[in-house]
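Okay, hi everyone, thanks for making room for me today. I'll put the structure up, and then we'll walk through it together, starting from a single residue.

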Amino acid sequence: VMALHFNSDSGTDDYLNKSVAIFSGKTYPLTFTAWVRPDDRGGQFAVASGSGSGTSKQISLGAGDNGKFQARMKGVVATTSGAHYSNSNTTWFHILSSYESSTDFKLYVNGTLDGAYSGSAQNISDFADSNEFWIGTGVSSGTNIASKTWEGGIADVAAYAAQLTAGEISAL
């Protein structure tokens with residue numbers, strides 16, 4: 001597995017950014033997936049996509065500051081039911097977020113459904129102006145890079161303009 005280690009030890013935050021419309025004109029479903037190894041329990045983004053001008057069209061996958069993984073859409077969060085890692089973590093996890101509609105998304109850890117959001121619509125009907133893709137961060141507001149940059153390893157990032165089956169999730 002080819003992995004990159006992201007940190008802010010040098011005083012600058014590490015992240016990758018590509019200005020590309022990976023979901024151009026796409027509605028739902030959408031899927032993010034990655035292998036991650038968080039170094040500690042700091043809240044952080046592993047993978048994100050958005051318009052580059054704020055969080056109005058942002059979806060992201062990452063971790064909270066409590067040892068739980070999170071999937072986000074605009075301003076709402078699906079969090080895993082239990083903590084998966086502690087500070088000084090050395091374990092790799094496969095995390096996957098499946099955005100089924102503007103009102104429903106799911107979060108999987110190591111192939112098992114472990115969190116979900118079902119609620120009010122997030123006013124994201126399509127991703128026509130979603131023209132930024134980040135690994136290791138996202139945006140917090142406007143065009144400001146989020147302070148919640150990833151601390152740890154990230155490998156095998158993928159984004160799908162599809163909903164994966166249980167068998168496909170398990171195979172990853």
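**Starting from Phe-105**

Let's begin with Phe-105. Leaving aside residues up to four places away in sequence, Phe-105 touches Ala-71, Arg-72, Met-73, Val-76, Val-77, Ala-78, Ser-98, Tyr-99, Glu-100, Ala-116 and Tyr-117. Before I go on, please keep in mind that this is a predicted model.

One name in that list comes back right away: the bridge partner of Phe-105 in strand 10 is Tyr-117. Strands 9 and 10 run antiparallel and are joined by 6 bridges. They make a hairpin with 2 residues between the strands, and in that hairpin Asn-110 has a positive phi near 50 degrees.

On to strand 8. Strand 8, residues 93-99, is tied to strand 9, residues 104-109, by 5 bridges, again antiparallel. If you want one pair to look for, Ile-95 sits opposite Val-109 in strand 9.

Now let's zoom out to the sheet. In what order do the strands of the open sheet come? The order is 1-14-3-8-9-10, so to speak, with 6 strands and antiparallel pairing. Strand 1 (3-6) and strand 10 (112-118) are at the edges with a single partner strand each, so one side of each has no neighbour in the sheet. Neighbouring strands here are turned against each other by 25 degrees on average, ignoring direction.

A quick general reminder: side chains in a regular strand alternate between the two faces of the sheet.

Next, the core. Which residues touch the most other members of the largest nonpolar core? This core has 29 residues, and the answer is Phe-32, Val-36, Phe-69, Tyr-99, Phe-105 and Ile-154. So yes, our Phe-105 is in that group. Strands 3 (30-38), 4, 5, 6 (69-73), 7 (76-79), 8, 9 and 11 each give two or more residues to this core. Strand 3 gives the largest share, 4 residues.

Strand 4 deserves a minute too. Strand 4 covers residues 44-50, and 7 of its 7 residues are buried. What does strand 4 pair with? Strand 5, residues 59-63, pairs with it in the antiparallel sense over 5 bridges. Strand 11, residues 132-135, is joined to strand 4 by 4 bridges, also antiparallel. Val-47 shows both pairings: it stands opposite Leu-61 in strand 5, and its bridge partner in strand 11 is Ile-135.

Okay, charges. Side chains of opposite charge can pair when their charged atoms come close. How many salt bridges does the structure hold? There are 2. In one, the side chains of Asp-39 and Arg-37 meet at 3.1 Å, N to O. Asp-39 counts as partly exposed because its relative accessibility is 23%, while Arg-37, at 18%, counts as buried because the cut-off is under 20%. In the other, Glu-100 meets Lys-106 at 3.6 Å, N to O. Glu-100 is partly exposed with a relative accessible area of 22%, and Lys-106 is partly exposed at 28%. You've met Glu-100 before, as one of the residues that Phe-105 touches.

Last, the whole chain. The protein chain has 1 helix and 14 strands. Of its 172 residues, 46% count as buried. Taking contacts between residues at least 6 apart in sequence, 68% join residues at least 24 apart. The accessible surface comes to about 7,400 Å², and 47% of that belongs to carbon and sulfur atoms.

That's my tour, thanks for listening!

Definitions and conventions
Residues numbered from 1 in each chain as written. Predicted model: local features only at pLDDT ≥ 70, side-chain atom pairs only at ≥ 80, totals over all residues. Heavy atoms only, no water. Pairing = 2+ DSSP bridges. Axes fitted to C-alpha atoms, helices over the stretch in contact; angles between N-to-C directions. Buried < 20%, exposed > 50% of the residue type's maximum accessible area, 1.4 Å probe, protein only. Core = buried A, V, L, I, M, F, W, Y, C linked by side-chain atoms within 4.5 Å. Contact = heavy atoms within 4.5 Å. Areas by Shrake-Rupley, 256 points an atom, 1.4 Å probe, with all protein chains shown as cover. Salt bridge = Lys/Arg side-chain N within 4 Å of Asp/Glu carboxyl O.
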